[in-house]
Amino acid sequence: MIDAAGPTHFPNYQYVIGDVDTGHAVVVDPAWDSKGIARRIRREGWSLQAVLLTHGHTDHVNGVAELVGLIPAPVYMSRDEATYYDFDVPGLVHCNDGEALAAGSIEVSVMQTPGHTVGSCCFLVGDNLFAGDTLFPEGVGFTHFEGGSTSDLYDSVRRLSQEIADTTRVYSGHRYQRGLGLTFGELRRLNIYLRLSSRKDFVEFADRRTVAKSHDRLLPQT
């Protein structure tokens, strides 16, 4: 299940992944509508096994505490992310790059992809990559926030390009125009950042967006 919530001009995408054979489920980046997510899980008769957090920005995590208050489950965030931003919620479990998480019958591979934040993660579930704000259909996440690094983001995008199969479907935390669930092969064709092989070119091209201030207007004020 894919659900858009939050500001209408720049919504967040949150995901409920269910195993129809076992009824086990995980949620990625619950924000804005925890009660709606809980209702959907209960309506489907699923058992929530884990909550996966790609990073700690408020527009991705502001519903976590409420959700696990309604349906208790472990909450996974990278150790680096939680430590740097002093993030904590009930049930928090630190995870690390390369770790394999068993969320009931659902297997999750952790890929730490810093750049947008210090410890951003992507989660690979079967042939589906949940990329948070590391990689969008049309671009990459901004790096002007505290702890962001365009150079680190270059390394993360290069790693994804090398390790993720072209048939893998990519689900991001936001989108601009193109739809979600495009294959990584389609992103190679559509996303210029996947074609910038030079660190210098990547960093200069990304940092030209010091139109960052225009992006700030799209984010919720806290």
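**Helix 1, Ser34 and a cavity**

Me: Where does Ser34 sit?
Reply: In this predicted model, Ser34 lies in helix 1, a helix that covers residues 34-44.

Me: Is Ser34 buried or exposed?
Reply: Ser34 is buried, because its relative accessible area is 2% and the cut-off for buried is under 20%.

Me: Which residues does Ser34 touch, leaving out those up to four places away in sequence?
Reply: With that restriction, Ser34 touches Gly63, Val64, Glu66, Leu67 and Leu70. For Gly63 there is also a polar detail, since a polar atom of the Ser34 side chain lies 2.5 Å from the backbone oxygen of Gly63.

Me: Which other residues of helix 1 are buried?
Reply: Besides Ser34, the buried residues of helix 1 are Gly36, Ile37, Ala38 and Ile41.

Me: And what do the buried residues of helix 1 pack against?
Reply: They pack against three strands, namely strand 2 (12-18), strand 3 (24-28) and strand 4 (47-52), and also against helix 3 (64-70).

Me: What comes just after helix 1?
Reply: Just after helix 1 comes Gly45, which takes a positive phi of about 75°.

Me: New topic: how many cavities of 30 Å³ or more are there?
Reply: The count comes to 1 cavity of 30 Å³ or more, and the largest cavity holds about 30 Å³ of space.

Me: Which element gives the most to the lining of the largest cavity?
Reply: Strand 10 gives the most, with 3 residues, and the lining as a whole includes Tyr13, Tyr15, Phe130, Ala131 and Gly132.

Me: How do the lining residues divide by type?
Reply: The lining of the largest cavity divides into 6 nonpolar, 4 polar and 1 charged.

Methods:
Residues numbered from 1 in each chain as written. Predicted model: local features only at pLDDT ≥ 70, side-chain atom pairs only at ≥ 80, totals over all residues. Heavy atoms only, no water. Buried < 20%, exposed > 50% of the residue type's maximum accessible area, 1.4 Å probe, protein only. Helix = DSSP H or I, 4+ residues; strand = E, 2+ residues; numbered from the N terminus. Contact = heavy atoms within 4.5 Å. Polar contact = N/O pair within 3.5 Å; in protein donor to acceptor, adjacent residues only side chain to side chain. 1 Å grid on protein atoms, 1.4 Å probe; cavity = no way out; pocket = protein on both sides within 12 Å on 5 of 7 lines; lining within 4 Å. Points joined across faces, edges and corners; volume = space filled by probe spheres on them. Nonpolar A, V, L, I, M, F, W, Y, C, P; charged D, E, K, R; others polar.
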